[in-house]
Amino acid sequence: MYQRLFDIEKQLDEAMFLFGARQVGKSTLLQERFKDAVYYDLLLPNIRKNFKRNPELFKEALSSKPAGTLVIVDEIQKVPELLDLVHWLMVNRGLRFILSGSSARKLKKSGANTLGGRAQPRTLFPLVWPEVSDFQIDKAVQNGMIPRHYLAADATDRLEAYVDIYVKEEILDEASVQDIDAFERFMEVAAISDGEMLNYSNIATDCGVSAKTVKSYYQILYDTMLGYEIPAYRKVIKRQIVQSPKFYYFDVGLSNYLMGRHNLKRGSDDYGHAFEHFVMQEIIAYKGYFRRKDELSYWHTYNGKEVDAVIGDAKIAIEIKSCEQIKTKHKAGLKAFKEEHPECRLILVSLDPITRVSGDKELIYVTDFLRMLWNGEIF
């Protein structure tokens, strides 16, 4: 059993929307941390159907509870009509709520009550480095960090089932797309473009749909917590820079499965892409859990110089390389960025086992970087 880092008890006030992709551990976390809460799981057909047919049953079941009682509603997007009653119970009965779900899409589309700003949105991510006592970098890069997947010797079958469940339950059930075959093809193409600059026209051509449709498909991935968009760093000093965002799936294991990367080997391009994705995944989770406001972006010039992660207004630049021996060429992006932003802290994360300082650059072994990140020593 993993001890999750998220201090949900401290962050809970009147109410909370707890979002996160399927199987990241939302239900387990809530049941472990709040054993005395009133709990409704809307994935259970009988509970969901009763509340959908007669939402007043929800109010009747809770109206006699004393003020301060915590009520957890899991998969709230299944019956968004309950949110009006949640609001009433908060105001008139003083109840507290955690409303969890794997999709904000249905709530947005239905115009559901957002509780007048009383409920803070939070995200539960896949496992992160401090939560895994038996952490192995190659296993994390291959399987990803969804708890059930990380534990498996070979996560392929579990990832296949995961994609199948996602497509059926999140897409078909909500009728989010008209052509499910095109969307499944899009998910594969999105994996090929994972960590790359987005070109909607090229992706549309590969999928056989319009660029407008591709943009709507990406929005589905964002709304269902399946992916993140990383913007380009926009401050132009000398070099012309690319403005297109990048996309990452929320977990590297999912991207690997969709691309057919089943046996990653160190030194290969595929391993390098997955390694970068994993490190970015940890940075995104750290920002989320500690509610850091520093913007995360990337920097890419038209002549090919790139930095994988820029923190804040050129406060920190991080390049991610899967090499086991750092060479001069691996530092080129950081060197170019430093020329335009001389006060920037430069970090190169790699599989080179000797953490050290080389001139103005910190060369950090990946597990040392993860320790420093989660100890607050990076930003």
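Contact here means heavy atoms within 4.5 Å, and helices (H or I, at least four residues) and strands (E, at least two) are DSSP runs, numbered from the N terminus. This is a predicted model, where local features need pLDDT of at least 70, side-chain atom pairs count only at pLDDT 80 or more, and totals for chains, interfaces and linings use all residues. Residues are numbered from 1 along each chain as its sequence is written, and side-chain values use heavy atoms, with hydrogens and water left out.

**View 1. Helix 16 lies across three strands of a sheet.** Helix 16 covers residues 366–374, and the strands beneath this legend's title are strand 10, strand 11 and strand 13. The helix runs at about 105° to strand 13. For angles like this one, axes are lines fitted to C-alpha atoms (for helices, over the stretch in contact), and angles run from 0 to 180 degrees between N-to-C directions.

**View 2. Six strands make an open sheet with mixed pairing.** Read across the sheet, the strand order is 8-9-10-11-13-12. Strand 8 (296–300) and strand 12 (356–358) sit at the edges with a single partner strand each, so one side of each has no neighbour in the sheet. From one strand to the next, the twist averages 30°. Two strands count as paired if DSSP finds at least two bridges between them. Helix 15 (residues 332–340) packs on this sheet and touches strand 8, strand 9 (306–311), strand 10, strand 11 and strand 13 (361–365). The direction of helix 15 makes about 55° with that of strand 9.

**View 3. Strand 11 pairs with strand 10 and with strand 13.** Strand 10 (residues 316–320) and strand 11 (residues 345–350) pair in the parallel sense over five bridges. Look for I318, whose bridge partner in strand 11 is I347. Strand 11 and strand 13 also run parallel, joined by five bridges, and here L346 has K361 of strand 13 as its bridge partner.

**View 4. Strand 12 and strand 13 form a hairpin.** These two strands run antiparallel and are joined by three bridges. V357 has its bridge partner, E362, in strand 13. Two residues lie between the strands of the hairpin, and G359 takes a positive phi near 65°. Strand 13 has four of its five residues buried, so the rest of the structure largely encloses it. Buried means under 20% relative accessible area, exposed over 50%, and partly exposed in between (1.4 Å probe, protein chains only).

**View 5. Helix 14 packs against helix 16.** Helix 14 takes in residues 269–289, and the two helices pack at an angle of about 10° with their axes 10 Å apart. That makes helix 14 and helix 16 roughly parallel to each other; angles under 35 degrees count as roughly parallel, over 145 as roughly antiparallel, 65 to 115 as roughly perpendicular and the rest as oblique. On the helix 14 side, the contact includes F275, F278, I283 and Y289, and on the helix 16 side V366, F369 and W374 are among the residues. The contact residues split into twelve nonpolar, no polar and one charged. In this split, Ala, Val, Leu, Ile, Met, Phe, Trp, Tyr, Cys and Pro count as nonpolar, Asp, Glu, Lys and Arg as charged, and the others, Gly among them, as polar.

**View 6. I318 belongs to the largest nonpolar core.** A nonpolar core is a set of buried Ala, Val, Leu, Ile, Met, Phe, Trp, Tyr and Cys residues joined through side-chain atoms within 4.5 Å. Of the 124 residues in this one, F58, F97, F186, I283, I318 and F369 touch the most other members. Helix 14 gives the largest share, eleven residues. Leaving aside neighbours within four places in sequence, I318 is in contact with residues including I283, L334, I347 and F369. A second, separate core of 16 residues includes Y233, V307, A336 and L348.

**View 7. H341 sits in the loop between helix 15 and strand 11.** This histidine is buried, with a relative accessible area of 8%. Neighbours within four places in sequence aside, H341 is in contact with Y233, K235, I237 and A314.

**View 8. Five strands make another open sheet, with parallel pairing.** The order is 2-3-4-1-5. Strand 2 (38–41) and strand 5 (119–123) are at the edges, each with a single partner strand. The twist averages 15° from one strand to the next. Strand 2 and strand 3 (residues 70–74) run parallel, joined by four bridges, with Y40 opposite V73.
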